[in-house]
Amino acid sequence: MANLEALQTSTKSVGTLTASSRPPRIAVAGVSGYAGGELARLLLHHPALEGTKPTFLGRAGEAEVGPSTSLEALHPYLTGPGAAESNPVYSFSWNRIVDEGIEVLFLATPHEQSREWVPEAIERGIKVVDLSGAWRLQETRNRDVYRLKDAKPALADELQAEAVYGCPELHRNAIKRARLVANPGCYSTSMILALAPLVQAGLVDLDHGIVCDAKSGVSGAGKAATTKTHFMYAADNLSAYNVFGHRHRGELLEQLHLDSDQIQFTPHLLPIPRGILATIYLRLKRPTEPAAISAMFSDFYRDSPMVRLYPTPHLPQIQHVVRTNFCDIGFELAPDGKRMVIVSCLDNLLKGASGQAVQNLNLMCGWKEQEGLL
Ligand SMILES: NC(=O)C1=CN([C@@H]2O[C@H](COP(=O)(O)OP(=O)(O)OC[C@H]3O[C@@H](n4cnc5c(N)ncnc54)[C@H](OP(=O)(O)O)[C@@H]3O)[C@@H](O)[C@H]2O)C=CC1
Ligand SMILES: CC(=O)N[C@@H](CCC(=O)OP(=O)(O)O)C(=O)O
């Protein structure tokens, strides 16, 4: 623990964001991407950040003095009315981050880049909300799918153990105190929120297994077109991929405490820009009344403002969650009271990424969890 103790001693000054009377200074790296753009939009309109502006950062580059571009040039939909001032975007540099006194760094960057930058940020006393998958998984065998490399493996191991999985509905108190929040994957969020109440209560017949069939809009793959996401492949199509090897599988196993053979997750690419619908099939151990299941979900999410529960037999749809930070959950139970189908929907860029990241910031700052998200 030597590395971590030294690090904690050097960072006592940022121990808490909640004690401060002013909002923290925030930077967003990866602001030119889909998730980064949505994060910029949410932070610029966040009521608790009124009068302050985040620092927007692109890739590390040579031009460190002036802005490399503007937020509005990258994301025209963020342009204000009339001759509104533009928001500069700078090349990523630790000098700028330190000079500006940044206290919270959002990383909306690829996994490999986040893995590299997080230790340095923490060493400099900066709290991090990382939107990538780099720090979500505690078990090496689950994390292997990312093929991450660490410059300082011992320090990375300690930070990994400290990282809090940023699902507010499951880890609210730990997030409030966290220095490193690993924001969950988009598919994982939809499935974990649908399953956690039943799995934690021990109601699911795990010998029969759980099947998760989830479909995502194309923005889930990021802004760079690939052979699987360009128009001629994705449009007018629906395709399954990564049937046994998707990296979100590890999040399901770790967060729901399941064995590998107890759950199957198959992702699908939907020809829409954004949104996820997960259809989840399971059996309950005992015949149960729908009202008892509804009561259990309501109780579990009693204090969770970003989860909306549908009265059975109504089921959520993507069109009702897109551009919101809600995760909508509904279910139907077969007449035998055992076979159950749950449907869970969210916007992959909001509750599946940037909105959930702001939810985590709110908790870290002691603000209302839904602040700036409704
Ligand atoms: N899209 C989604 O639905 C979700 C995404 N995420 C995660 O959020 C992160 C961002 O995703 P998304 O916005 O979709 O991805 P994009 O591909 O749209 O954006 C990636 C961003 O990272 C920047 N970037 C790329 N390479 C580097 C690098 N080597 N150093 C610094 N910056 C770099 C890009 O800059 P440039 O413009 O210069 O290329 C861009 O700003 C990823 O880790 C992703 O896995 C998590 C949940 C859901
Ligand atoms: C449609 C699509 O391609 N979706 C992405 C998941 C996006 C996500 O949640 O991001 P992380 O990479 O941060 O886990 C995929 O399946 O790889």
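## Packing of α5 against α7

In this predicted model, helices α5 and α7 pack with their axes 11 Å apart and at an angle of about 80 degrees, which makes α5 roughly perpendicular to α7, since angles of 65 to 115 degrees count as roughly perpendicular. On the α5 side the contact is made by Val118, Pro119 and Ile122, and on the α7 side by Leu155, Ala156 and Leu159. By class, this contact has 6 nonpolar residues, with no polar and no charged residues.

## Packing of α2 against α13

Helix α2, spanning residues 34-44, packs against helix α13, spanning residues 350-365, at an angle of about 40 degrees and with the axes 9 Å apart. That angle makes α2 oblique to α13, and the crossing of the two helices is right-handed.

From α2, the residues that make the contact are Ala35, Glu38, Leu39 and Leu42, while α13 contributes Leu350, Ala353, Ser354, Gly355, Ala357 and Val358. Divided by class, the residues of the contact of α2 with α13 comprise 7 nonpolar, 2 polar and 1 charged.

## Two domains and their contact

The domain assignment of the protein chain gives domain 1 as 2-183 + 353-365 and domain 2 as 186-348. Taken over C-alpha atoms, the centres of domain 1 and domain 2 are separated by 27 Å, and 19 residues of domain 1 are in contact with 21 residues of domain 2.

On the side of domain 1 that touches domain 2, at least two residues each are supplied by α6 (140-143), α8 (168-177) and α13. Helix α13 gives the most to this side of domain 1, with 4 residues. By class, the side of domain 1 that touches domain 2 has 8 nonpolar, 7 polar and 4 charged residues.

## Surroundings of ligand 1

There are 27 residues around ligand 1, of which Ser32, Gly33, Ala35, Ser132 and Gly222 come nearest. The elements that give two or more residues to this shell are α2, β2 (55-60), α5 (111-123) and α13, and the largest share, 3 residues, comes from α2. Among the helix residues already named, Ala35 is thus part of the contact of α2 with α13 and one of the residues that come nearest to ligand 1.

The shell around ligand 1 has, by class, 9 nonpolar, 16 polar and 2 charged residues. Because domain 1 and domain 2 both give residues to the shell, ligand 1 lies between them.

## Surroundings of ligand 2

Around ligand 2 there are 13 residues, and those that come nearest are Gly185, Cys186, Ser216, Gly220 and Ala221. Two elements, helix α9 (186-200) and strand β11 (263-269), give two or more residues to the shell around ligand 2. By class, the shell around ligand 2 has 5 nonpolar, 7 polar and 1 charged residues.

## Backbone features in loops

Thr312 and Pro313 are joined by a cis peptide bond, for which omega is about 15 degrees. Pro313 is found in the loop between strand β13 (307-309) and strand β14 (327-333).

A second backbone feature concerns Arg147, which has a positive phi of about 50 degrees although Arg147 is not a glycine. Arg147 lies in the loop between α6 and α7, the latter spanning 153-162.

Terms used:
Residues numbered from 1 in each chain as written. Chains lettered and ligands numbered in written order. Predicted model: local features only at pLDDT ≥ 70, side-chain atom pairs only at ≥ 80, totals over all residues. Axes fitted to C-alpha atoms, helices over the stretch in contact; angles between N-to-C directions. Parallel < 35°, antiparallel > 145°, perpendicular 65-115°, else oblique. Left-handed = near helix turned anticlockwise from the far one by under 90°. Contact = placed C-beta atoms within 7 Å. Nonpolar A, V, L, I, M, F, W, Y, C, P; charged D, E, K, R; others polar. Near = placed C-beta within 6 Å. Domains from an automatic or database assignment.
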